[in-house]
Amino acid sequence: MEDNGLKLYFMNTEELLDEAYYQTCYNSLSSYRQDKIDRQHFDADKRRSMAAGILMDRGLQEYGLREAQVRICQGENGKPYLPDYPEIHYNLAHSGNMAMAVFADVEAGCDIEKFRMADLKLARRFFCPDEYAYIAALDGQEQNYAFVRLWTLKESFLKVTGMGMRLPLNSFEFQFSEDDLCVTIQQNFDKKSYRFVEKDFDDCHAAVCIQDLSGSDRKESS
């Protein structure tokens, strides 16, 4: 996906069950990433953190860089960035046995979530009324899928803004086309335009949000 330099990377963390491969990967990563891995209490969490580092390293190789060679800083709200390479935007996420990374020439955010039963109480409390109605009108697996899909989309937008959960989930709203293939966002956080990329796996769903520079920034909502 070359639009806006967008590149997506995914990894199944079960590859790291091989102890020799795990150690080789660990030794190749920066002390910053090693510290994040070491702070995890459970092996599954260590593998997820390592997979995120591996994917970051893989993405940086496209720019002639390595993860162990770059400085990583955090913005005011905790979003990581590369101070020496401001033209490179990236984001990482992991869930279950999957990790993902996104790289782009513009601000980017991503999320991946394992499929689970829809939590209608949570959706009613934190999502917009029309988003809750959209989920509540579905049944069974369709409802579960819609809940996780909407959650990943919201997380990807929170991460692209750098605000994280400081931005209320019901302060922006997603709308789907009749065939559910296209998604748009209504938001007043800024005047920028955004677009979304989604991908399904057997047991999880991934969403990416990037700033859309194909058109001019949207007009301020009245």
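Tutor: A pocket is an open set of points on a 1 Å grid over the protein atoms alone, where a 1.4 Å probe fits, with protein on both sides within 12 Å along at least five of seven lines. This is a predicted model, where local features need pLDDT of at least 70, side-chain atom pairs count only at 80 or more, and totals for chains, interfaces and linings use all residues. Residues are numbered from 1 along each chain, and side-chain values use heavy atoms, without hydrogens and water.

Student: What makes the second largest pocket's volume about 330 Å³?

Tutor: That's the space filled by probe spheres set on its points, joined across faces, edges and corners. The largest pocket comes to about 610 Å³.

Student: Which residues lie closest to the centre of the second largest pocket?

Tutor: K79, E107, V160, T161 and G162, out of 23 lining residues (an atom within 4 Å of a point). The lining splits into twelve nonpolar, six polar and five charged.

Student: And why say that the buried residues of α5 line one face?

Tutor: Buried (under 20% relative accessible area, 1.4 Å probe, protein chains only) fits E131, Y132 and I135 in α5, residues 129-136. Seen down the axis, they fall within an arc of 100 degrees, so they line one face. P129 and D130, on the face turned away, are exposed (over 50%).

Student: What covers those buried residues?

Tutor: The cover includes α4, α6 and β7.

Student: Which residues is F172 in contact with, beyond four places in sequence?

Tutor: With contact being heavy atoms within 4.5 Å, the partners include E131, F157 and I185.

How values were computed
Helix = DSSP H or I, 4+ residues; strand = E, 2+ residues; numbered from the N terminus. Arc of directions from axis to C-beta. Nonpolar A, V, L, I, M, F, W, Y, C, P; charged D, E, K, R; others polar.
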